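Visitor: I am new to this structure and would like to look closely at a single part of it. Could you stay with that part and show me what lies around it?

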Amino acid sequence: MPDHEESPADRDHLTRIPPGAEPPSAILFDFHGTLMQVEDSVSWVVAAAAACGTELDRMRATVLADRLVTAGRAGGPLPHRVPPHLAEVWAERDLSGYAHREAYTGLARTVDPGVDELADDFYDALYDRVLVPEGWLAYSDTVDTLRALHGAGVPVAVVSNIGFDIRPIVTAHGFGDLLDAYVLSYEVGRCKPDRAIFEYACAALGVPPEKALMVGDTAADAAAIRAGCRAYVVPTGEAGAANGLGAVLSLTGLA
C-alpha cells in the first residue's frame, strides 16, 4: 500500500545505476503502484453498493467516492487525518490482517454515504473489493516485463507493505507463475523501509543484496539501498496504463 513520498531529487538519484556496474541478477518488485493499481474510485463505490443490492448513479457515486478517498481508501492516497480511535490499528495495518481491515473500514465509516438503502455492510463491501481480482488492474507493461525476466531465468520477488494475501489476485491476472517469492509485511512482521524486509526477499531468492534491484514507486521502496540493494523508482501511473517497467529489462541487460 502507499508508503512515503519521495522528492524529485531523490527519484532522479535513485533511478540511476552506476555506468559499467554489473547488471542485477534478481529483481524485487513492489506490488501496489508498481505492478498493479486499484480500480478507479467510482467503479469501486458502484461495485460495493451493488454488492449490497443498491444501484448508484454515476453522479452520486462520484461525490461519495471523493469523500471516501479523502477519508482513506485501501490502495489510495494516505488519509489527511486518522481519527484517534483508529490510531492503533492504523499503525499496525500492514502487520495484521485484522488491523488492516479495521483501519480501512473504520476510516470509511467516518463518511455518511447519504443513501438510505446502504446499510453498515456497505463499509465491509468497500474493503472487500481490495481482496478480489476484480478490484485491481495490472499496468500494461507488467506481464511482458515479468515474462521476459522469467524467460531469462532472472528470479523475481514481490516485496509489499500489505495486510492481506495478494497471491490469488496475481494468479487471477495471469502472472502468478512468473513470481518466485512473496515477501509480504503482514507475513514477515517487517515493513518497508525497514532493511530487514529487503534482506528477507534477497534470502528468499538466494542472492546477496548487492546483486538485487528493488523496483518501486515510493521512497520506502528506494530504502532498499540501506540493505545494499540498488533501487529503481517508477512513476505511479493510471490503472491499466504503462508505468515504465520495461526499463527494468534494460537495467538487467535484457533489452
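Visitor: How many of the residues of β6 are buried, and is β6 largely enclosed by the rest of the structure or left open?

Guide: This is a predicted model, and what follows should be read with that in mind. In β6, 5 of the 5 residues are buried, so the strand is largely enclosed by the rest of the structure. The residues of β6 point in two directions: Ala-212, Met-214 and Gly-216 go one way, while Leu-213 and Val-215 go the other way, and all are buried.

To see what surrounds this strand, begin with the sheet. Its 5 strands follow the order β5-β4-β1-β6-β7 in an open sheet, and their pairing is parallel. The edges are taken by β5 (181–184) and β7 (230–233), each of which has a single partner strand, so one side of each is left without a neighbour in the sheet. On average, neighbouring strands here are turned by 20 degrees against each other, with direction ignored. On one side, β6, which covers residues 212–216, pairs with β1, residues 26–29, in the parallel sense over 4 bridges, and within this pairing Met-214 of β6 has Leu-28 standing opposite. The sheet also carries a helix, for α7 (residues 142–151) packs on it, touching β1 and β4 (156–160), and the direction of α7 makes about 155 degrees with that of β1. Turning to the pairing with β7, we find that β6 and β7 run parallel and are joined by 4 bridges, with Ala-231 in β7 as the bridge partner of Met-214.

From the strands we can move to a loop whose contacts lead back to β6. Asp-30 lies in the loop between β1 and β2 (36–38). Is Asp-30 buried or exposed? Its relative accessibility is 1%, and a residue counts as buried under 20%, so Asp-30 counts as buried. Leaving aside the neighbours within four places in sequence, the residues in contact with Asp-30 include Met-214, Val-215 and Gly-216, and these three belong to the residues of β6 that point to one side or the other. Val-159, Ser-160, Asp-217 and Asp-221 are also among the contacts of Asp-30. The side chain of Asp-30 takes part in a polar contact of 2.8 Å with the side chain of Lys-192, and in another, of 2.9 Å, with the side chain of Thr-34.

Lys-192 takes us on to a further feature of the chain, since a cis peptide bond joins Lys-192 and Pro-193, with omega at about 15 degrees. Pro-193 is found in the loop between α9 (185–188) and α10 (195–205), and this brings us to a helix that has β6 as part of its cover. At the start of α10, a side-chain oxygen of Asp-194 reaches to within 2.9 Å of the backbone nitrogen of Ala-196. Ala-196 is itself one of the buried residues of α10, together with Ile-197, Phe-198, Ala-201, Cys-202 and Leu-205. What covers these buried residues includes β6, along with β1, β4, β5, α9 and α11 (219–222). After α10 comes Gly-206, whose phi is positive, near 75 degrees.

Taken together, the picture around β6 is that of a strand with 5 of its 5 residues buried, paired with β1 over 4 bridges and joined to β7 by 4 bridges. Asp-30 is in contact with Met-214, Val-215 and Gly-216, among others, and β6 is included in what covers the buried residues of α10.

Technical notes
Residues are numbered from 1 along each chain as its sequence is written. This is a predicted model: local features need pLDDT of at least 70, side-chain atom pairs count only at pLDDT 80 or more; totals for chains, interfaces and linings use all residues. Side-chain values use heavy atoms; hydrogens and water are left out. Two strands pair if DSSP finds at least two bridges between them. Axes are lines fitted to C-alpha atoms, for helices over the stretch in contact, and angles run from 0 to 180 degrees between N-to-C directions. Contact means heavy atoms within 4.5 Å. Buried means under 20% relative accessible area, exposed over 50%, partly exposed in between (1.4 Å probe, protein chains only). A polar contact is a pair of N or O atoms within 3.5 Å; within protein, one must be able to donate a hydrogen and the other to accept it, and residues adjacent in sequence count only if both atoms are side-chain atoms.
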